[in-house]
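Visitor: I am new to this structure and would like a close look at one part of it, the surroundings of the bound ligands. Could you take me through them slowly?

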Amino acid sequence: MNAKIVLIPGDGIGPEVVSEAVRVLDVIASRGGHTFSYESILMGGCSIDAHGTALTDEALAIARASDAVLLGAVGGPKWDDPKAKVRPEQGILALRKGLGVFANLRPAKVHPALIDASPIKPDRLAGVDVLVLRELTGGLYFGYKGREVVDGRTKVVDALEYWDDEIRRILELAFKLARGRRKKVTSVDKANILDSSRMWRQIATEIGQAQPDIALEHMLVDTAAMRLVTSPAHFDVLVTENMFGDILTDEASVLAGSMGMLPSASLGDGGPGLYEPIHGSAPDIAGKGIANPVGTILSAALLLRYSLGLEAEAAALEAAVDAAISAGARTKDLGGTLSTTQMTERVLTALG
Ligand code: NAD
Ligand code: IPM
Ligand code: MN
(Lines give C-alpha, C1' and ligand atoms only; values in the text may rest on other atoms or scores of the structure.)
(Ligands and ions follow the chains in the order given, each with its own letter.)
Protein backbone atom coordinates (compact mmCIF):
# COMPACT_ATOMS: atom_id res chain seq x y z
CA MET A 1 0.00 0.00 0.00
CA ASN A 2 0.95 3.65 -0.39
CA ALA A 3 0.64 5.91 2.62
CA LYS A 4 1.49 9.52 3.25
CA ILE A 5 2.70 10.03 6.81
CA VAL A 6 3.24 13.49 8.24
CA LEU A 7 6.04 13.70 10.80
CA ILE A 8 6.12 16.27 13.56
CA PRO A 9 9.46 15.82 15.31
CA GLY A 10 8.89 18.87 17.55
CA ASP A 11 11.32 19.85 20.30
CA GLY A 12 13.73 18.27 22.80
CA ILE A 13 13.86 14.49 22.44
CA GLY A 14 10.96 14.61 19.92
CA PRO A 15 13.22 14.51 16.82
CA GLU A 16 15.41 11.83 18.44
CA VAL A 17 12.53 9.40 18.95
CA VAL A 18 10.59 10.16 15.75
CA SER A 19 13.61 9.36 13.58
CA GLU A 20 13.84 5.94 15.30
CA ALA A 21 10.20 5.16 14.58
CA VAL A 22 10.78 6.13 10.94
CA ARG A 23 13.71 3.71 10.72
CA VAL A 24 11.38 0.96 11.91
CA LEU A 25 8.56 2.00 9.57
CA ASP A 26 11.00 1.95 6.64
CA VAL A 27 11.99 -1.64 7.39
CA ILE A 28 8.33 -2.65 7.67
CA ALA A 29 7.49 -0.88 4.40
CA SER A 30 10.27 -2.49 2.41
CA ARG A 31 9.50 -5.97 3.81
CA GLY A 32 5.79 -5.71 3.04
CA GLY A 33 6.14 -4.02 -0.32
CA HIS A 34 4.54 -0.82 0.99
CA THR A 35 5.51 2.72 0.10
CA PHE A 36 5.45 5.19 2.95
CA SER A 37 6.20 8.77 1.98
CA TYR A 38 6.99 11.30 4.69
CA GLU A 39 6.61 15.01 5.00
CA SER A 40 7.84 16.86 8.08
CA ILE A 41 6.16 19.93 9.49
CA LEU A 42 7.11 22.27 12.30
CA MET A 43 5.11 22.44 15.50
CA GLY A 44 5.82 23.69 19.00
CA GLY A 45 8.85 25.72 20.02
CA CYS A 46 10.60 25.24 16.68
CA SER A 47 7.54 26.64 14.89
CA ILE A 48 7.39 29.60 17.29
CA ASP A 49 11.04 30.34 16.47
CA ALA A 50 10.44 30.08 12.72
CA HIS A 51 6.94 31.56 12.35
CA GLY A 52 5.94 33.15 15.67
CA THR A 53 3.13 30.62 16.17
CA ALA A 54 3.08 27.02 17.48
CA LEU A 55 1.28 25.62 14.41
CA THR A 56 0.71 27.46 11.14
CA ASP A 57 -2.46 27.01 9.09
CA GLU A 58 -0.30 25.62 6.28
CA ALA A 59 1.23 22.98 8.56
CA LEU A 60 -2.20 21.96 9.86
CA ALA A 61 -3.49 21.68 6.28
CA ILE A 62 -0.60 19.36 5.41
CA ALA A 63 -1.39 17.19 8.45
CA ARG A 64 -5.08 17.07 7.55
CA ALA A 65 -4.29 15.91 4.02
CA SER A 66 -2.20 12.94 5.21
CA ASP A 67 -3.09 9.34 6.05
CA ALA A 68 -1.59 9.61 9.52
CA VAL A 69 0.48 11.93 11.70
CA LEU A 70 3.39 10.84 13.89
CA LEU A 71 4.35 13.31 16.60
CA GLY A 72 7.36 13.35 18.93
CA ALA A 73 6.85 16.00 21.59
CA VAL A 74 6.92 19.76 21.92
CA GLY A 75 7.93 22.30 24.54
CA GLY A 76 10.93 23.19 26.61
CA PRO A 77 12.39 25.77 28.98
CA LYS A 78 13.19 28.19 26.15
CA TRP A 79 9.46 28.80 25.59
CA ASP A 80 8.29 28.41 29.19
CA ASP A 81 7.84 32.05 30.20
CA PRO A 82 4.41 32.11 31.92
CA LYS A 83 3.82 35.57 30.42
CA ALA A 84 4.45 34.42 26.84
CA LYS A 85 1.48 34.85 24.48
CA VAL A 86 2.46 31.86 22.37
CA ARG A 87 3.34 28.48 23.84
CA PRO A 88 4.50 25.26 22.15
CA GLU A 89 1.67 23.26 23.73
CA GLN A 90 -0.90 25.42 21.88
CA GLY A 91 0.29 23.62 18.75
CA ILE A 92 -0.74 20.22 20.11
CA LEU A 93 -4.16 21.44 21.12
CA ALA A 94 -4.71 23.10 17.73
CA LEU A 95 -3.56 19.94 15.98
CA ARG A 96 -5.84 17.65 18.01
CA LYS A 97 -8.80 19.97 17.48
CA GLY A 98 -7.93 20.54 13.82
CA LEU A 99 -7.78 16.80 13.15
CA GLY A 100 -10.93 16.20 15.22
CA VAL A 101 -9.23 13.40 17.15
CA PHE A 102 -11.49 13.22 20.19
CA ALA A 103 -10.45 9.74 21.36
CA ASN A 104 -7.01 9.22 22.82
CA LEU A 105 -6.16 5.55 23.37
CA ARG A 106 -3.34 5.05 25.86
CA PRO A 107 -2.67 1.35 26.45
CA ALA A 108 -0.52 0.49 29.47
CA LYS A 109 0.78 -3.04 29.80
CA VAL A 110 3.40 -4.49 32.06
CA HIS A 111 6.05 -6.57 30.37
CA PRO A 112 6.95 -9.39 32.81
CA ALA A 113 10.67 -8.65 32.33
CA LEU A 114 10.14 -5.02 33.37
CA ILE A 115 8.37 -5.68 36.65
CA ASP A 116 11.59 -4.76 38.47
CA ALA A 117 11.81 -1.45 36.58
CA SER A 118 8.65 -0.26 38.33
CA PRO A 119 8.63 0.99 41.93
CA ILE A 120 5.28 -0.79 42.43
CA LYS A 121 5.31 -4.13 44.31
CA PRO A 122 5.71 -7.03 41.83
CA ASP A 123 2.60 -8.91 43.00
CA ARG A 124 0.46 -5.90 42.07
CA LEU A 125 1.82 -5.79 38.51
CA ALA A 126 1.00 -9.31 37.34
CA GLY A 127 -1.46 -9.28 34.45
CA VAL A 128 -1.78 -5.51 34.19
CA ASP A 129 -3.30 -4.57 30.83
CA VAL A 130 -5.30 -1.36 30.96
CA LEU A 131 -6.52 0.75 28.07
CA VAL A 132 -7.04 4.32 29.16
CA LEU A 133 -9.42 6.11 26.84
CA ARG A 134 -8.95 9.82 27.32
CA GLU A 135 -11.41 12.34 25.85
CA LEU A 136 -9.13 14.68 23.91
CA THR A 137 -10.91 17.65 22.37
CA GLY A 138 -13.15 18.92 25.17
CA GLY A 139 -13.21 19.51 28.89
CA LEU A 140 -10.84 21.71 30.84
CA TYR A 141 -8.40 22.08 27.95
CA PHE A 142 -10.90 23.67 25.59
CA GLY A 143 -13.48 25.37 27.81
CA TYR A 144 -13.93 29.07 28.39
CA LYS A 145 -10.78 30.78 29.63
CA GLY A 146 -10.52 34.26 31.04
CA ARG A 147 -9.03 36.71 33.47
CA GLU A 148 -10.82 39.58 35.09
CA VAL A 149 -9.59 42.20 37.54
CA VAL A 150 -12.16 42.86 40.24
CA ASP A 151 -11.36 45.40 42.98
CA GLY A 152 -7.62 44.96 42.46
CA ARG A 153 -7.79 41.16 42.65
CA THR A 154 -7.43 39.02 39.53
CA LYS A 155 -9.89 36.24 38.91
CA VAL A 156 -8.84 33.50 36.50
CA VAL A 157 -11.10 30.86 34.91
CA ASP A 158 -10.53 27.58 33.05
CA ALA A 159 -13.97 26.09 32.54
CA LEU A 160 -14.66 22.36 32.23
CA GLU A 161 -17.15 22.31 29.35
CA TYR A 162 -18.73 19.39 27.52
CA TRP A 163 -21.63 18.85 25.15
CA ASP A 164 -23.67 15.71 25.77
CA ASP A 165 -22.82 14.30 22.33
CA GLU A 166 -19.08 14.71 23.04
CA ILE A 167 -19.48 12.64 26.19
CA ARG A 168 -21.67 10.07 24.47
CA ARG A 169 -19.27 9.39 21.57
CA ILE A 170 -16.25 8.75 23.80
CA LEU A 171 -18.26 6.51 26.13
CA GLU A 172 -19.75 4.59 23.17
CA LEU A 173 -16.19 3.99 21.97
CA ALA A 174 -15.16 2.77 25.43
CA PHE A 175 -17.89 0.12 25.29
CA LYS A 176 -16.92 -0.84 21.74
CA LEU A 177 -13.27 -1.25 22.72
CA ALA A 178 -14.19 -3.21 25.87
CA ARG A 179 -16.18 -5.62 23.70
CA GLY A 180 -12.94 -6.65 21.99
CA ARG A 181 -11.15 -7.01 25.36
CA ARG A 182 -12.26 -8.20 28.82
CA LYS A 183 -15.70 -6.55 28.60
CA LYS A 184 -15.29 -4.16 31.50
CA VAL A 185 -15.55 -0.36 31.48
CA THR A 186 -14.50 1.82 34.39
CA SER A 187 -15.90 5.30 33.87
CA VAL A 188 -13.86 7.75 35.91
CA ASP A 189 -15.34 11.06 37.02
CA LYS A 190 -15.77 13.44 39.95
CA ALA A 191 -19.55 13.19 40.16
CA ASN A 192 -19.60 14.05 43.86
CA ILE A 193 -18.47 17.59 42.94
CA LEU A 194 -18.78 18.37 39.25
CA ASP A 195 -22.00 18.72 37.30
CA SER A 196 -20.12 17.81 34.11
CA SER A 197 -19.27 14.51 35.80
CA ARG A 198 -22.87 13.93 36.82
CA MET A 199 -23.93 14.25 33.18
CA TRP A 200 -21.01 12.01 32.20
CA ARG A 201 -22.16 9.38 34.73
CA GLN A 202 -25.77 9.59 33.58
CA ILE A 203 -24.82 9.04 29.92
CA ALA A 204 -22.47 6.19 30.87
CA THR A 205 -25.31 4.57 32.81
CA GLU A 206 -27.67 4.86 29.82
CA ILE A 207 -25.13 3.27 27.48
CA GLY A 208 -24.40 0.59 30.05
CA GLN A 209 -28.10 -0.31 30.37
CA ALA A 210 -28.28 -0.80 26.60
CA GLN A 211 -25.22 -3.08 26.63
CA PRO A 212 -25.65 -5.33 29.67
CA ASP A 213 -22.97 -7.78 28.52
CA ILE A 214 -20.34 -5.14 29.27
CA ALA A 215 -19.69 -4.60 32.98
CA LEU A 216 -19.80 -0.90 33.81
CA GLU A 217 -18.51 0.62 37.01
CA HIS A 218 -18.23 4.25 37.99
CA MET A 219 -15.21 5.37 39.96
CA LEU A 220 -14.28 8.76 41.38
CA VAL A 221 -11.04 10.08 39.94
CA ASP A 222 -9.27 10.35 43.29
CA THR A 223 -10.10 6.72 44.05
CA ALA A 224 -9.00 5.75 40.53
CA ALA A 225 -5.63 7.42 41.09
CA MET A 226 -5.20 5.33 44.22
CA ARG A 227 -6.42 2.05 42.72
CA LEU A 228 -4.25 2.44 39.64
CA VAL A 229 -1.22 1.84 41.84
CA THR A 230 -2.72 -0.43 44.51
CA SER A 231 -4.68 -2.77 42.19
CA PRO A 232 -3.87 -1.89 38.58
CA ALA A 233 -4.90 -5.35 37.28
CA HIS A 234 -8.47 -4.40 38.26
CA PHE A 235 -8.83 -2.21 35.15
CA ASP A 236 -9.70 -3.15 31.59
CA VAL A 237 -10.96 -0.03 29.75
CA LEU A 238 -10.75 3.14 31.83
CA VAL A 239 -12.57 6.05 30.17
CA THR A 240 -12.38 9.59 31.39
CA GLU A 241 -12.37 13.35 30.83
CA ASN A 242 -9.44 15.06 29.10
CA MET A 243 -7.40 16.29 32.06
CA PHE A 244 -8.19 13.35 34.34
CA GLY A 245 -6.88 11.13 31.53
CA ASP A 246 -3.74 13.21 31.13
CA ILE A 247 -2.86 12.83 34.80
CA LEU A 248 -3.85 9.18 35.18
CA THR A 249 -1.77 8.10 32.17
CA ASP A 250 1.46 9.58 33.52
CA GLU A 251 0.64 7.59 36.64
CA ALA A 252 -0.06 4.46 34.55
CA SER A 253 3.36 4.77 32.91
CA VAL A 254 4.89 3.94 36.29
CA LEU A 255 3.33 0.49 35.98
CA ALA A 256 5.08 -0.07 32.64
CA GLY A 257 8.42 0.98 34.11
CA SER A 258 8.97 4.37 32.43
CA MET A 259 7.35 7.35 30.79
CA GLY A 260 9.31 6.36 27.71
CA MET A 261 7.29 3.16 27.22
CA LEU A 262 3.72 4.33 26.63
CA PRO A 263 2.32 4.97 23.14
CA SER A 264 -0.92 6.63 22.15
CA ALA A 265 -3.32 6.83 19.25
CA SER A 266 -5.74 9.71 18.81
CA LEU A 267 -8.67 8.97 16.56
CA GLY A 268 -11.68 10.84 15.24
CA ASP A 269 -14.47 10.14 12.77
CA GLY A 270 -12.40 9.32 9.69
CA GLY A 271 -9.51 11.59 8.74
CA PRO A 272 -5.91 10.99 9.73
CA GLY A 273 -5.12 9.60 13.15
CA LEU A 274 -2.48 11.20 15.36
CA TYR A 275 0.14 9.00 17.02
CA GLU A 276 2.46 10.12 19.79
CA PRO A 277 4.21 8.77 22.86
CA ILE A 278 2.61 10.04 26.07
CA HIS A 279 5.85 11.61 27.28
CA GLY A 280 7.02 15.14 26.65
CA SER A 281 10.15 16.69 25.19
CA ALA A 282 12.24 15.65 28.24
CA PRO A 283 14.58 18.68 28.20
CA ASP A 284 16.68 17.09 30.96
CA ILE A 285 17.91 14.35 28.58
CA ALA A 286 17.50 16.03 25.17
CA GLY A 287 20.54 15.86 22.88
CA LYS A 288 22.18 13.05 24.85
CA GLY A 289 21.00 10.19 22.63
CA ILE A 290 19.61 8.26 25.61
CA ALA A 291 15.85 8.75 25.22
CA ASN A 292 13.81 5.57 25.16
CA PRO A 293 12.30 5.29 21.65
CA VAL A 294 9.85 2.50 22.56
CA GLY A 295 6.82 4.73 23.24
CA THR A 296 7.20 6.25 19.78
CA ILE A 297 7.93 2.92 18.08
CA LEU A 298 4.79 1.45 19.70
CA SER A 299 2.89 4.56 18.55
CA ALA A 300 4.04 3.71 15.01
CA ALA A 301 2.60 0.22 15.56
CA LEU A 302 -0.74 1.80 16.48
CA LEU A 303 -0.46 3.93 13.32
CA LEU A 304 -0.03 0.78 11.24
CA ARG A 305 -3.06 -0.77 12.93
CA TYR A 306 -5.56 2.07 13.10
CA SER A 307 -4.72 4.33 10.16
CA LEU A 308 -3.22 1.95 7.61
CA GLY A 309 -5.12 -1.24 8.48
CA LEU A 310 -1.84 -3.19 8.61
CA GLU A 311 -2.73 -5.38 11.60
CA ALA A 312 -0.16 -8.10 10.89
CA GLU A 313 2.65 -5.54 10.68
CA ALA A 314 1.44 -3.79 13.84
CA ALA A 315 1.30 -7.04 15.79
CA ALA A 316 4.73 -8.10 14.50
CA LEU A 317 6.23 -4.80 15.63
CA GLU A 318 4.66 -5.07 19.09
CA ALA A 319 5.96 -8.62 19.35
CA ALA A 320 9.43 -7.42 18.35
CA VAL A 321 9.42 -4.80 21.11
CA ASP A 322 8.33 -7.47 23.61
CA ALA A 323 11.05 -9.83 22.39
CA ALA A 324 13.77 -7.16 22.57
CA ILE A 325 12.77 -6.39 26.14
CA SER A 326 12.62 -10.09 27.04
CA ALA A 327 16.15 -10.36 25.65
CA GLY A 328 17.30 -7.64 28.06
CA ALA A 329 17.30 -4.52 25.88
CA ARG A 330 17.12 -1.50 28.23
CA THR A 331 17.67 2.21 27.86
CA LYS A 332 18.79 4.25 30.87
CA ASP A 333 15.28 5.01 32.12
CA LEU A 334 14.76 1.23 32.42
CA GLY A 335 18.04 0.76 34.29
CA GLY A 336 20.10 -0.18 31.23
CA THR A 337 22.86 1.33 29.16
CA LEU A 338 21.59 1.24 25.56
CA SER A 339 21.45 4.44 23.56
CA THR A 340 18.32 5.48 21.66
CA THR A 341 19.61 4.07 18.38
CA GLN A 342 20.90 0.86 19.99
CA MET A 343 17.47 0.23 21.50
CA THR A 344 15.90 0.59 18.06
CA GLU A 345 18.47 -1.80 16.62
CA ARG A 346 17.48 -4.38 19.22
CA VAL A 347 13.86 -4.02 18.14
CA LEU A 348 14.87 -4.36 14.47
CA THR A 349 16.89 -7.47 15.28
CA ALA A 350 13.87 -8.99 17.02
CA LEU A 351 11.73 -8.07 14.02
CA GLY A 352 13.96 -10.49 12.13
P1 NAD B 1 8.43 14.85 30.18
O2 NAD B 1 7.48 13.77 29.85
O3 NAD B 1 9.09 15.53 29.05
O4 NAD B 1 9.56 14.26 31.14
C5 NAD B 1 9.26 13.72 32.43
C6 NAD B 1 10.42 12.81 32.89
O7 NAD B 1 10.38 11.60 32.12
C8 NAD B 1 11.80 13.43 32.64
O9 NAD B 1 12.65 13.07 33.69
C10 NAD B 1 12.25 12.78 31.35
O11 NAD B 1 13.64 12.69 31.21
C12 NAD B 1 11.59 11.41 31.42
N13 NAD B 1 11.27 10.93 30.08
C14 NAD B 1 10.27 11.35 29.27
N15 NAD B 1 10.30 10.71 28.11
C16 NAD B 1 11.35 9.87 28.15
C17 NAD B 1 11.91 8.93 27.22
N18 NAD B 1 11.38 8.73 26.00
N19 NAD B 1 13.01 8.23 27.61
C20 NAD B 1 13.54 8.39 28.82
N21 NAD B 1 13.05 9.26 29.74
C22 NAD B 1 11.97 9.98 29.41
O23 NAD B 1 7.64 15.91 31.09
P24 NAD B 1 8.10 17.38 31.56
O25 NAD B 1 9.58 17.39 31.81
O26 NAD B 1 7.18 17.73 32.64
O27 NAD B 1 7.78 18.30 30.34
C28 NAD B 1 8.77 18.80 29.44
C29 NAD B 1 8.09 19.57 28.31
O30 NAD B 1 7.36 18.66 27.50
C31 NAD B 1 7.07 20.62 28.78
O32 NAD B 1 7.25 21.74 27.97
C33 NAD B 1 5.72 19.96 28.53
O34 NAD B 1 4.70 20.87 28.26
C35 NAD B 1 6.05 19.16 27.31
N36 NAD B 1 5.15 18.01 27.07
C37 NAD B 1 4.86 17.77 25.78
C38 NAD B 1 4.10 16.67 25.47
C39 NAD B 1 3.79 16.42 24.05
O40 NAD B 1 4.36 17.07 23.18
N41 NAD B 1 2.88 15.51 23.72
C42 NAD B 1 3.69 15.80 26.46
C43 NAD B 1 4.04 16.06 27.80
C44 NAD B 1 4.80 17.19 28.09
C1 IPM C 1 0.17 14.91 26.80
C2 IPM C 1 0.71 16.25 27.21
C3 IPM C 1 -0.15 17.35 26.63
C4 IPM C 1 -1.52 17.21 27.25
C5 IPM C 1 0.33 18.79 26.80
C6 IPM C 1 1.77 18.99 26.43
C7 IPM C 1 -0.55 19.72 26.01
O8 IPM C 1 0.84 16.35 28.58
O9 IPM C 1 0.06 14.65 25.60
O10 IPM C 1 -0.13 14.11 27.68
O11 IPM C 1 -1.74 17.67 28.37
O12 IPM C 1 -2.39 16.64 26.60
MN1 MN D 1 0.47 14.48 29.61
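Guide: Please keep in mind that this is a predicted model. Around ligand 1 there are 21 residues, and the closest of them are Val74, Glu89, Gly280, Ala282 and Asp284. Three of these names return when one turns to polar contacts. A polar backbone atom of Val74 lies 2.8 Å from an oxygen atom of ligand 1, and a backbone N or O atom of Ala282 is likewise 2.8 Å from an oxygen atom of ligand 1. With Asp284 the side chain takes part, since one of its N or O atoms is 2.8 Å from an oxygen atom of ligand 1. On its own, ligand 1 has 800 Å² of accessible area, of which the protein covers 70%. Sorted by class, the shell around ligand 1 holds 10 nonpolar, seven polar and four charged residues.

Let us now move to the other ligand. Ligand 2 sits in the second largest pocket, and the residues around ligand 2 are Glu89, Ile92, Arg96, Arg106, Arg134, Tyr141, Asp246 and Ile278. Glu89 is therefore a name to look for twice, as a residue around ligand 2 and among the closest residues to ligand 1, within the 4 Å used for such shells. The shell around ligand 2 divides into three nonpolar residues, no polar ones and five charged ones.

Three arginines from that list have side chains with an N or O atom close to an oxygen atom of ligand 2: the distance is 2.7 Å for Arg96, 2.8 Å for Arg134 and 3.1 Å for Arg106. Taken alone, ligand 2 exposes 320 Å², and the protein buries 79% of that area.

It also helps to see which parts of the chain supply this shell. Helix 4, which spans residues 88-99, gives the most to the shell around ligand 2, with three residues. Seen by domain, the shell around ligand 2 draws at least three residues from domain 1 (1-106 + 262-352) and at least three from domain 2 (119-256).

Definitions and conventions. Residues numbered from 1 in each chain as written. Chains lettered and ligands numbered in written order. Predicted model: local features only at pLDDT ≥ 70, side-chain atom pairs only at ≥ 80, totals over all residues. Heavy atoms only, no water. Polar contact = N/O pair within 3.5 Å; in protein donor to acceptor, adjacent residues only side chain to side chain. Areas by Shrake-Rupley, 256 points an atom, 1.4 Å probe, with all protein chains shown as cover. 1 Å grid on protein atoms, 1.4 Å probe; cavity = no way out; pocket = protein on both sides within 12 Å on 5 of 7 lines; lining within 4 Å. Sits in = over half its atoms within 2 Å of the grid points. Helix = DSSP H or I, 4+ residues; strand = E, 2+ residues; numbered from the N terminus. Nonpolar A, V, L, I, M, F, W, Y, C, P; charged D, E, K, R; others polar. Domains from an automatic or database assignment.
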